[in-house]
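Colleague: Please take a close look at one part of this model for me. I would like the second chain, how it is built and where it meets its partner.

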Amino acid sequence: MQLQTGLEAGIEGAVLKADVRELDFHYGAFHALKRVSMPIHDHMVTSLIGPSGCGKSTLLRCFNRMHDLYPGNRYSGGGIVLYPDNTNLLAPEVDPIEVRMRISMVFQKPNPFPKSIYENAAYCLRARGMRNKNELDDRVESALKGAALWNEVSGRLKELGANLSGGQQQRLCIARALASDPEIILFDEPTSALDPIATASIEELIIELKEKVTILIVTHNMQQAARISDFTAYMYLGEMVEFGVTDQIFIKPQKKATEDYITGRFG
Amino acid sequence: MSASASEPSLSAPIGTGVSDRLSKKASRHVKERIIEALLFSAAAFSVFVTVAIVYVLVKESWIFFQTVPITDFLFDTQWTPLFDDAHYGIMVLLSGTLTSSGVALLVAIPLGTIIALYLSEFAGFKVREIAKPFLELLGGVPTIVYGYFALTFLTPILQKVYPDLPGFNLLSAGLVMGIMIIPYVASLSEDAMRAVPMALREGSYAMGATRLQTALWVVTPAATSGIASAYILGISRAVGETMILAVAAGMQPNLTFNPTEPGATITSNIVQVALGDLPHGSIGYQTIFAAGLTLLLMTLAFNLLGYWLRKRFREVY
């Protein structure tokens, strides 16, 4: 498949952050990703859309090696090259923990740890062995500010994260992911468990966040993909059907299959 | 659909004119009632037995406390029901119970927790499937066997380290009791840890945490209520354990918190009195009811503590 780079697609100054190259993935005997290729542009929002079971979450979870946690999962071909290192993330000699320190993740359902708001935000810093109280305080504050949560929780940092509302919990999870200064944040349907108002605030936040990080988001909500992403990839049955600039995918898709999905004739 | 003659008119009072097809079926109704009564009586029976036990203990203890003032029972430092100068200080037996339970818990809680963490967070599927039944087998060994094990195997070994250790001692009994309790603590703690949603673990791994960090910082706090319940059950087992102590700890009442001495516990003393020479109905014999009531109140307190802990820490995730 001919891949477009950001420049060719008409977005100026787009630089590659990562490049998925002919990636194959197996859950046991099930071939979940079939020679998938796509670019990830630096400081852009890239969304993955497609019907349930198309492999979009599977692809997302390759980026931070989440599949390594379960037996039977295999990266069976190709790879994901991370820039500027120019290294394949999926190579066996790469330490998944090092990958996860640079590529963080926010999940579908808010999953704050059974700890205080402060300790949730400080979690990845503590995991890296940071002890200095002042440094921790600063990093926690800037992470919570980055997740647009600071004003709501600055007076109650000792309370349990689970006491927050669903939308606040999800922003706490974003703060948790931001605290380590990651290069990429992966979002796996981050708003599907939230009400419309909380969803709007998360979407706004994602658009702001691309100043700092590269964002890859899986979403079931096509309007959401259209609203927040610069690039969109449409996947179906483990294959990459079409990748392009979001406006182009939604207004003038190149493939009939993409058009059918987007216009709701299918899926 | 057009209105038919059988359709109830809207103006009819509610509840009148039920058609045959909707009326209550007598046979079904009766059958349900019988089953309900059977289930109720099964539940009521267990409640009745509990109440009856408490009634007997309180009634017999009442007789005892009419002769022996409760202050003597609580504060006297001797337990000599057989002597002419009889003393009934429960503290003596309580010290034996607390010492042996303390030793047992020092073994069972750390080891049980570590085993649970390993099985839940580190062991592969195969290891867990093999190790867990073996672990649970440890809890199924009859306690009399543990008692002999303590007396004839562990005590001689301990005597090589401490030559002054008497043949009957609380230490050996407590250590073996701890081994007996490990499976309870480990198995229940592991269930609690495994019940922690995978989403929490994934959240931790996704932040770059290691397995140990995830296990200690996320899984353990999330499973606190279940782990606390496991500990409480372990304590209740230790406090109520009889046979190991009767066999390996000696039965001399001894006010001591030193595990290297022999001692009687509340339970082992009850065995001794119940099987001994004291005439039925004598005040010495009545001691077993007062001691039994003390034991019951202790385990009740632990159960309430466990209940409170479960409520306090439940569903933090």
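Modeller: Here is chain B, first alone and then against chain A.

This is a predicted model, in which local features need pLDDT of at least 70, side-chain atom pairs count only at pLDDT 80 or more, and totals for chains, interfaces and linings use all residues. Residues are numbered from 1 along each chain as its sequence is written, and chains are lettered from A and ligands numbered from 1 in the order in which they are written.

Start with the secondary structure. Chain B has 12 helices and zero strands. Helices are DSSP runs of H or I with at least four residues, strands are runs of E with at least two, and both are numbered from the N terminus. Chain A, by contrast, holds 11 helices and 10 strands.

Next, the overall form. The radius of gyration of chain B is 28 Å, whereas a compact globule of 317 residues would have one near 20 Å. That radius is taken over C-alpha atoms, and the globule rule is 2.2 Å times the number of residues to the power 0.38. The C-alpha trace of chain B spans about 100 × 65 × 30 Å along its principal axes. Chain A has a radius of 18 Å, close to the 18 Å from the rule for 267 residues, so chain A is as compact as a globular protein of that length.

Burial comes next. In chain B, 38% of the 317 residues are buried. Buried means that 20 or more other C-beta atoms lie within 10 Å of the residue's own, with C-beta atoms placed from the backbone. For chain A, the share is 49% of 267 residues.

Chain B is assigned two parts: domain 1 (25-67) and domain 2 (90-313). These bounds come from an automatic or database domain assignment. Their centres, taken over C-alpha atoms, are 31 Å apart. Eight residues of domain 1 of chain B are in contact with eight of domain 2 of chain B. Contact means C-beta atoms, placed from the backbone, within 7 Å.

Now the partner. Chain B puts 17 residues in contact with 21 residues of chain A. On the chain B side, α7 (198-206) and α8 (211-222) each supply at least two residues. The most come from α7(B), with seven residues. By class, this side has 11 nonpolar, five polar and one charged residues. Nonpolar covers Ala, Val, Leu, Ile, Met, Phe, Trp, Tyr, Cys and Pro; charged covers Asp, Glu, Lys and Arg; the others, Gly among them, count as polar.

Methods
Buried ≥ 20, exposed ≤ 12 C-beta atoms within 10 Å, placed from the backbone. Contact = placed C-beta atoms within 7 Å.
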